[in-house]
Amino acid sequence: MAWKYLITIVLLIPLKGSVPEMPLKKQNRLGETKSPYLLQHKENPVHWFPWGEEAFQAARNEKKLIFLSIGYSTCYWCHMMEKDSFEHQDVADLLNRDFISIKVDREEHPDVDKIYMDAVVGMTGRGGWPMTVFLTPDLKPVFGGTFFWKAQFLELLNRLQTTWKQEPQRIVAAGEEVFEFLRQRNAAPEKQQVSEAVLRSAYEQMNSSFDDTYGGFGQAPKFPPAIGLSLLLRVYRRSGEKRALEIVTTTLDAMARGGIYDHLGGGFHRYSTDEQWLVPHFEKMLYDNALLAWSYLEAFQVTGKPAYASVARQTLDYVLSVMTSPEGGFYSAEDAGEVGREGEYYVWREAELKALLTKEEFEAIRDLYRVTATGNFEHQRNILHRGADKKWGEEDSKVPLAHQKLRTARLTRPPPYKDDKVLTAWNGLMIAAMAKGHQVLGEKRYWEAARRAANFIRGKLWHEGAQQAAPLLLRRYRDGDSRFTATLDDYAFLIHGLLVLYESDFDPQWFEWAKILQKREDELFWDAQGGGYFFTSPEEKELVIRKKEVHDGAIPSGNSVAALNLLRLHALTAEPGYLEKARQLFESISAEITRYPMGHAQALIALDFELDQSKEIVVVGKGADPRRDEATKFFQQTFLPNKVLVVGEPTGRQDSKAIPLLQGKALKGGLTTVYICENQTCREPTNDLELAKKLVNDPSP
């Protein structure tokens, strides 16, 4: 196809003199935005536009190619390209003369990012940020890549502009072919049934790519495989396959020991640049810490290892202390550090440690974290990491005070830049993690944080709608400004968080809101012809493709989270529409799941729920009865991933205010009573908690 050879075409066409100058657009418009990423570029001499009709109209009117630059505020190489190119007048002069330049925050516009990332990966075989894409005036991509050094970038700009002036038909044809590639990529695959066998296939793929020495999958760089680990815990529960559990524990242990984990402040960095989890890319993302906290909590439920509870607790506490706004929303990210000084906030020279600590404290820290004079990072600095021989909970008694001294000293350093925007989707993931932390660890502060965040989203990013107006969820809040129509991920992840929050405090408001959101999600995103959910609503007219996302990336697929939400809502309500949609959704994504199961772990987590037994648990009892609390805690703290849990006072069958699953559930003998049900059919209710524990794991009808 012609577009595959556009790189060659651009590079081979000779430059024929200078391009006539066009009037400069003497304005950088990014200062009018709220995006931290865009605001970082507001002083560039480049005449940036934000994504929107003003930029598109300028490109059409002036018949110019669009230069689209996509990144995010904590992206190290985005900062590097800014310093190397966008801050320089000679680069700006070319861009301002020959192109319409658009800067996009991929976290505010994941819809835009996903489309053009597909194009870049199709052209080059790889993707990443900063993303550099050139578009025709009708927004069709013709050339793309990631980071370019200044000399490369200047040459590229000249060649592209020369091609556009001398042989525009080549670029137009390339744009049409890329568009066709995107359209075909997004075409509905053939539907088929999925079965338990695909869970086995996913396990076999993970096992074959597992690193037995260091944990994780594949080679460096290594990304935390949180979703895959949660799937493997379900494979272990379903099959008893000890190897599945070994993969999980080996990986979680290695990450918790490594430099990817912040041993002083808690929380995880983005990924490891090496196979050992030692040298991280130092940025911290909210979604990573939500997903990893969840994985460590589940692993603690399965194994009872105190280390996993400790890591989960420290991760959630990091979010509470550093990543939570005064109003209750969760911030998005912290960056890796200034260009050329990545990780400076987190690393230590041996001499620094000696100066800050007593001799005994230094020796304890040195032995625990393998500190040396030469260091394991740039400039003789040390990334703290634990040896495999250092068991969690058996540290020297001097370590806690030494930790406190080092945390205090670290606070005197310039902190990493924080992206303080609040994203609905990522907050949904962290609401779920906080609520799960409350259930498993019994820590009230996590429930309070989840509840505050949910109320924040409802107050700042949710509009009920007046009169005939439909309710509306927005994507981003920052500095008093709520903006951008929500995507599938925003709805699905928030519903997920609300359902987990409901199982923490059993406040029906969360369940009711989740149902309203699900109804709106169905109205906006459901594909009535092909099944499954589109990523964007039909109102997003400026997008050249309306995508469906199935494959898990750094965050789980919105379709896969939606499938699990639908199944959970069906279990709670017995409304057949939820189950019908879930099954249609599975059919619509079945071909992709079957082709590469390992890449669809979240969908398989939902499938495991669908195939499992005994998912509906109801505990009824008087609020003051300690036996109700005892039963509730057991079901919250035990690894029962495919259950829904309802707790409350006994109700009549016509109690419209009660959760449907709770309706008609009475006390047996006036005592706290447990109902174990499947498909709305319940076994004999019991007051005997020990019997209830057996029943919930008994697969017989």
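This is a short exchange about cavities and ring contacts in a predicted model.

Biologist: What makes the space beside Arg-234, Trp-294, Glu-298, His-496 and Leu-564 a cavity?

Modeller: A 1.4 Å probe fits in a cavity but cannot get out, so the space is closed to that probe. The structure holds 6 cavities of 30 Å³ or more. The largest has about 450 Å³ of space. Of its 30 lining residues, those five are the closest to the centre.

Biologist: Which helices build that lining?

Modeller: Helix 10 (226-239), helix 12 (286-303), helix 17 (424-441), helix 19 (488-505), helix 21 (558-573) and helix 23 (601-611) each give two or more residues. Helix 12 gives the most, with 6 residues.

Biologist: How do you know the chemical make-up of the lining of the largest cavity?

Modeller: By residue class. There are 16 nonpolar, 8 polar and 6 charged residues. Trp and Leu count as nonpolar, Arg and Glu as charged. Therefore Trp-294 and Leu-564 fall in the nonpolar class, and Arg-234 and Glu-298 in the charged class.

Biologist: What about the second largest cavity?

Modeller: About 90 Å³ of space lies there. Its lining has 13 residues, and Tyr-261, Asp-262, His-263, Tyr-346 and Leu-384 lie nearest the centre. By class, that lining has 8 nonpolar, 3 polar and 2 charged residues.

Biologist: Now the rings. Why is the pair of Trp-48 and Phe-86 called edge-to-face?

Modeller: The centres are 5.1 Å apart and the planes stand at 90°. The cut-offs are within 6.5 Å for a pair and over 60 degrees for edge-to-face. Both are met, so the name holds. Both residues are buried.

Biologist: What makes this pair a tie between separate parts of the chain?

Modeller: Trp-48 lies in the loop between helix 2 (36-40) and strand 1 (49-50), and Phe-86 lies in helix 4, so the pair joins parts 38 residues apart in sequence. Ring pairs also place Trp-48 and Phe-86 in a cluster, with Phe-67, Phe-99, Phe-134, Phe-143 and Phe-153.

Biologist: Why is the pair of Trp-462 and Trp-513 called tilted?

Modeller: The angle is 55° and the centre distance 6.2 Å. Stacked needs under 30 degrees and edge-to-face over 60, so 55° is left as tilted. Trp-462 sits in strand 14 and Trp-513 in helix 20, 51 residues apart. Both are buried.

Biologist: How do you know that Lys-140 sits over the ring of Phe-179?

Modeller: Its charged end is 4.9 Å from the ring centre. The limit is within 6 Å, and within 35 degrees of the ring normal. Lys-665 lies over the face of Tyr-675, at 5.8 Å from the ring centre.

Key. Residues numbered from 1 in each chain as written. Predicted model: local features only at pLDDT ≥ 70, side-chain atom pairs only at ≥ 80, totals over all residues. Heavy atoms only, no water. 1 Å grid on protein atoms, 1.4 Å probe; cavity = no way out; pocket = protein on both sides within 12 Å on 5 of 7 lines; lining within 4 Å. Points joined across faces, edges and corners; volume = space filled by probe spheres on them. Helix = DSSP H or I, 4+ residues; strand = E, 2+ residues; numbered from the N terminus. Phe/Tyr/Trp six-rings, centres within 6.5 Å; stacked < 30°, edge-to-face > 60°. Buried < 20%, exposed > 50% of the residue type's maximum accessible area, 1.4 Å probe, protein only.
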